[in-house]
Structures are given as C-alpha cells and as structure tokens.
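Trainee: I've got a model open and would like to talk through the ligand site and the cores. Can we go over it together?

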Amino acid sequence: MSEQFDAVDIIRIKRDKGTLSPEQIDWTIDAYTRGAIADEQMAALNMAILLNGMDRTEISRWTTAMIASGERMDFSSLGKATSDKHSTGGVGDKITLPLAPLVAVFGVAVPQLSGRGLGHTGGTLDKLESISGWRADLSNDEMMRQLADVGAVICAAGAGLAPADKKLYALRDVTGTVEAIPLIASSIMSKKIAEGTGSLVLDVKVGSGAFMKNLDQARELARTMVALGQDAGVNTVALLTNMATPLGLTAGNAIEVQESVEVLAGGGPEDVVELTVRLAEEMLACAGVRDADPAAALKDGRAMDVWNSMIEAQGGDPRAELPVARESETIYAPSDGVLVELDALAVGVAAWRLGAGRARKEDVVQAGAGVRMHAKPGALVRAGEPLMTLLTDTPEKFDRAREALEGAVVIAPEGSRPDAQLILDRIA
Ligand code: URA
C-alpha cells in the first residue's frame, strides 16, 4: 500500500522547527500504531518535538489522533455526573485511594483508570494489589456496573484505550523523550478524554520527586492540559502541588494503603488530608455539586463505607491484614534541630530499591516494602531519634536504599522554617 506521507519528511519538518499539518499528524499517529513508521523514526521525531516543541494546534491534533487510535468510553447512560483526578506522579502519592470513595459519597461517579508504577513514582494499582483478593482488571461492563452500584472504581485502563499512547510511551521511556511538555500533555489527556469523564482535576506535581522540577515548567504543562480538556468538552482544572518532599509518612504499597485507611477513618497525616479534601472540593465543583463538605465525610465514616464497598466489589477484603515486610532497618537523626528537607526523589528511589517499585514492566513488586517516615519537614528532631524505617523482604537491598538517602535529610538550627506550602497554584 502506498503511504500518504514519508516519515523522513515529517521528521525533517520538526527538525527544522516547522509546523506539521493536521493531515501529517493524523497520518503519523495512525502509521506508527499500525507499524508503518519504525521505532527509530518515531524516536527521532519525538526528540525533534522535545527540542523544538509544538504549537497549540499541533498538540490538540496530536491528542485527537491518539484518542482516535482506540475506543472511547461513554458513561452517559449512568445518569450521574462523572469526575476524575489525574496526578502527574509523585512519591507517597496515595491520594486517589481516599479521594475516589470520598467524591462518590456526594453522588458523583468516579471512573478512575490508573496505572502501575515504573521508576521511582509508585503506581496506584500496585498499592491496591496489596489488599488480599483485589482485582485491577475489569471489563467495561463490570466497570459500568460498579459505577452505578458503588459510585467509584479504580481499575486498569483496558488495552483498547489510546493504543497509540501505549506504544509511544514505551518508546519515550527508553529514548530520553518523556519530559517533553507536548508529549506528556497529549499522552495524559488522550487517555482521560477517551475514558469519557465529564470533568477532570489535574494534580500537577512540582519538585524533585516530579517530572516538572520547577514552577514555570509545571504551569506550562498545566495550561496545555487544561486547554486540551476544555477544547474536548471536559471541564478541566489543575492544581500545582509541592513534590519536594513525599506526601504523608509512607512511600511503598501496603503501607500507603494503611495510611489511606487512616485518612478514611478520620485521621492520617495533615498533608494527605489537606490535599484529599482540596481535590475533592475541586472535583465536586467541576461536576456541578455545590455546598458539599468532604472533610465531614472523612470524619463521619461515609467515605469509609464507600471504600469498603469499592474494595469488596473488586474481590478484595478491606478488613484483611495487610502484608508486612519481613525485615526492617532504622535511620536515626544525626543531630538536634528542625528537619527542613526530606528529599522526595531520594525517598522514592530508596522505596523502589527496597522492592516497592519495578525497573522493568514485568518485575513483581513487594507488597510490604517501602519507607516509613517518622518526621516531616517542620518537625523538631533530637540526635538519635528514628527518622525513617526501611522495609523489605530482601535485606541485601538495605545498602543501596541507604545510599539513595545520602544527603536527603537536612537538619537546621532550631527556629528555622522549611518551605512547606503544599498547594502552589491553580490553573483553570
Ligand atoms: N503520565 C502519562 O500518562 N504520560 C506521560 O507522558 C507522563 C506521565
């Protein structure tokens, strides 16, 4: 079959800082998905996009073409408003777990398609799989039924959703082209638009533990994604939130589930509660619900009731004991003072090396592995007090985890204050 365009011409246009036409973009995504553009050609094009960028019209068309590569879900028959949240990925980011049932308390359906972790950022499905019996893979019918009956579902995205992105993301991952704003924005938004949610709240992470290391980059990514959502008729808002230090006091799988359950029981770390409530308020407002009080629904057990139903509907036992790592080692404070820095990337890498994450897609994660923190920035610490506990089933991993944490902790004289603002900006 003769092709409409030549891949080398398309690469040259972007290499020379030109603009691709809508027809060229449609052909590129379609041809790559069916194998008519080779991986090495797509890798070259991705690098040209990373270096030279894309304009708004190109990004929008690229996203539409990725959506068109697969199926689109439709929740209109539910007769309820739908809302979803997407985080660009961080360390200790378990917010989806308490958030999805919390929003469902108010009659808004939450179809939360999530992923597994790769690298130092954890994956929501890996965390939930530490619950005995819980199942991530649901058919579209099972997902619809659960949304109608329980109101919230967290499950794996089916293979039919934006297949172009699956292929493209795997290629970007091994060619140093993940961190291109047009490619991140179109990757995330193609999946969210194809998923069929009516509204969307984006949690764009900023700081050492995130893709976006500074506020300007994060703002540009957030603006690009909000515009893509609005153009597609999805009511979209973004919060920019701090990922200089991990969220909460745990980074791992089972230990993050345990912390989420504490939040659903009305307790838990302050930062996890603050972000959960704020994102719930944004999701409910986007879905047209006014005067809801999500903080009260965490305190009085309504969110916990939905959580229990949501876990049971997917075969899990919400009351079962969670797996515990066989071995632990403690890291102690070297001096007295105020903890002013606890680096998110270092903690994420340590948790990953302990076995909580995977280096390759086919690796198996340890449910009990991770890092439990005993103090967060702002806390007064004394020399010799425990700062962190490292958890793993395989003690030979402790040395490499400790190495990752070298220089991660800064203790300053009493009276010092860390820069601890959690919510940095809002883009609508
Ligand atoms: N998450 C995605 O789904 N895609 C990206 O490109 C980056 C993060």
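**Ligand site and cores**

Mentor: Sure, let's begin with Ser187: an N or O atom in its side chain sits 2.6 Å from a nitrogen atom of the ligand. Keep in mind that this is a predicted model.

Trainee: Which side chain has a polar atom 2.5 Å from an oxygen atom of the ligand?

Mentor: Look at the ligand's oxygen atoms. Arg172 has a side-chain N or O atom 2.9 Å from one. The 2.5 Å distance belongs to a polar side-chain atom of Lys191.

Trainee: How much of the ligand's accessible area does the protein cover?

Mentor: On its own, the ligand has 240 Å² of accessible area. With the protein in place, the covered part is 89%.

Trainee: And which element gives the largest share of the shell around the ligand?

Mentor: The residues around the ligand include Tyr169, Ile184, Ile188 and Phe211. Two elements give two or more residues each, α8 (163–173) and α9 (181–195). The largest share is four residues, and that comes from α9.

Trainee: Moving on, where does the largest nonpolar core lie relative to domain 1 and domain 2?

Mentor: That core has 68 residues, with Val103, Leu128 and Trp307 among those making the most contacts inside it. Domain 1 (76–157 + 197–313) and domain 2 (327–412) both contribute residues, so the core lies between them.

Trainee: How many residues are in the second, separate core?

Mentor: Its members include Ile11, Met42, Ile49 and Leu183. The count for this second core is 58 residues.

Notes. Residues numbered from 1 in each chain as written. Predicted model: local features only at pLDDT ≥ 70, side-chain atom pairs only at ≥ 80, totals over all residues. Heavy atoms only, no water. Core = buried A, V, L, I, M, F, W, Y, C linked by side-chain atoms within 4.5 Å. Buried < 20%, exposed > 50% of the residue type's maximum accessible area, 1.4 Å probe, protein only. Domains from an automatic or database assignment. Near = heavy atom within 4 Å. Polar contact = N/O pair within 3.5 Å; in protein donor to acceptor, adjacent residues only side chain to side chain. Areas by Shrake-Rupley, 256 points an atom, 1.4 Å probe, with all protein chains shown as cover.
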